[in-house]
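These are my notes from looking through one model. I went through the DNA strands in turn and then picked a single residue.

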Protein chains: 2
Amino acid sequence: MKIGQVSAASGCQIETIRYYERIGLLRAPSRTETGYRHYTCEDVDRLRFVTRGRALGFSLEEIASLLRLAEEDGLACDDVDRIARAHLADVERRVVDLQRIQAELERTITGCKGGERAQCSILGALRDAG
Amino acid sequence: MKIGQVSAASGCQIETIRYYERIGLLRAPSRTETGYRHYTCEDVDRLRFVTRGRALGFSLEEIASLLRLAEEDGLACDDVDRIARAHLADVERRVVDLQRIQAELERTITGCKGGERAQCSILGALRDAG
DNA sequence: CCTAAAGTCTGTAGTCGCTACAGGGTCAAG
DNA sequence: CTTGACCCTGTAGCGACTACAGACTTTAGG
């Protein structure tokens with residue numbers, strides 16, 4: 001499989017695949033005589049593992065850990081669990097933060113009745129510490 | 001006021017203040033004879049406007065627009081409202097995305113009973129497209 | 001008055017996760 | 001045999017900082 005086909009099969013852009021290889025997240029595939037990358041099904045699986053992890057918001061570093069754990073034999077999944085829980089806690093924090101921002105924006109926008117700048121509550125909210 | 005005091009007063013790091021100046025978000029302050037930056041209260045207000053905007057998740061570009069609008073005279077605040085609403089829509093999208101991720105992580109973690117890797121539902125969820 | 005520490009300066013490079021080139025080589029179809 | 005699609009490497013850019021190095025200035029204490 002050439003990189004373009006892998007890209008189509010995974011939904012991951014060609015440059016991104018090469019980037020993952022460059023940073024050592026994906027191992028370098030074999031090459032054709034003329035230097036084209038040649039991928040196996042396992043390579044594609046690994047890439048899909050990565051893209052799926054990204055969709056769940058894991059960092060590439062976390063994914064690298066998970067990949068290593070996934071490819072070791074017969075080890076306890078406590079480490080996997082720990083990574084996932086830490087990540088979940090992080091996601092929860094971000095949700096709360098964003099919701100706070102959301103509420104504050106809604107409140108501020110509602111206060112804005114249009115018209116002159118002097119009455120604009122959005123600019124007011126930004127000017128006054130809150 | 002020197003930059004360190006501005007930093008303390010605003011909670012914004014010194015390097016960040018200089019960065020904002022470098023990218024043209026904050027105008028360059030006057031200098032002492034020996035080249036130290038010298039800030040006025042208005043400069044500090046502007047910086048607080050920026051940090052407050054950042055806390056609400058506005059991009060620096062959005063904040064630059066808001067700053068311009070805030071400092072023009074007697075203009076309608078429709079533009080301000082438009083920027084804030086667009087930003088709110090963006091925040092809402094991100095909340096939904098993160099909540100989806102959160103739910104999926106919770107589901108996946110709950111499925112993990114510890115023990116051997118072969119039964120680990122987290123790795124399974126990452127391996128299988130979902 | 002001298003010294004040491006703390007503060008400030010510029011400029012550059014690093015972070016993360018890509019993305020977008022430039023400038024070349026290779027392959028498949030007509 | 002040419003055209004166009006594909007692939008290669010290497011580098012630079014994004015946003016929003018952060019972290020130095022290496023030099024200078026100010027301030028406080030002895």
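Before looking at the surface near a strand, I fixed the term: a residue is near a strand if its C-beta atom, placed from the backbone, lies within 6 Å of it. I also noted that this is a predicted model.

Entry on strand D. I looked up what surrounds DNA strand D and found 18 residues. A:Lys2, A:Gly4, A:Arg37, B:Ser59 and B:Leu60 come nearest. Next I asked which helix supplies the largest share of the surface near DNA strand D. It is α2(B), with three residues. At least two residues each come from α1 (3-10) and α2 (14-22) of chain A, and from α2 (14-22) and α4 (60-71) of chain B. By type, I recorded five nonpolar, seven polar and six charged residues on this surface.

Entry on strand C. Around DNA strand C there are 19 residues. I listed the closest as A:Thr34, A:Ser59, B:Lys2, B:Gly4 and B:Arg37. Here α2 and α4 (60-71) of chain A, with α1 (3-10) and α2 of chain B, supply at least two residues each. The residues near DNA strand C divide into five nonpolar, eight polar and six charged.

Entry on one residue. I turned to A:Ile83, which lies in helix α5 (residues 78-111) of chain A. Is A:Ile83 buried, exposed or partly exposed? A:Ile83 has 19 other C-beta atoms within 10 Å, and buried needs 20 or more, so I wrote down A:Ile83 as partly exposed. Leaving out residues up to four places away in sequence, A:Ile83 touches A:Glu62, A:Ser65 and A:Leu66. I also checked A:Ile63: it is 20 residues from A:Ile83 in sequence, and their C-alpha atoms are 9.4 Å apart.

Conventions
Residues numbered from 1 in each chain as written. Chains lettered and ligands numbered in written order. Predicted model: local features only at pLDDT ≥ 70, side-chain atom pairs only at ≥ 80, totals over all residues. Helix = DSSP H or I, 4+ residues; strand = E, 2+ residues; numbered from the N terminus. Nonpolar A, V, L, I, M, F, W, Y, C, P; charged D, E, K, R; others polar. Buried ≥ 20, exposed ≤ 12 C-beta atoms within 10 Å, placed from the backbone. Contact = placed C-beta atoms within 7 Å.
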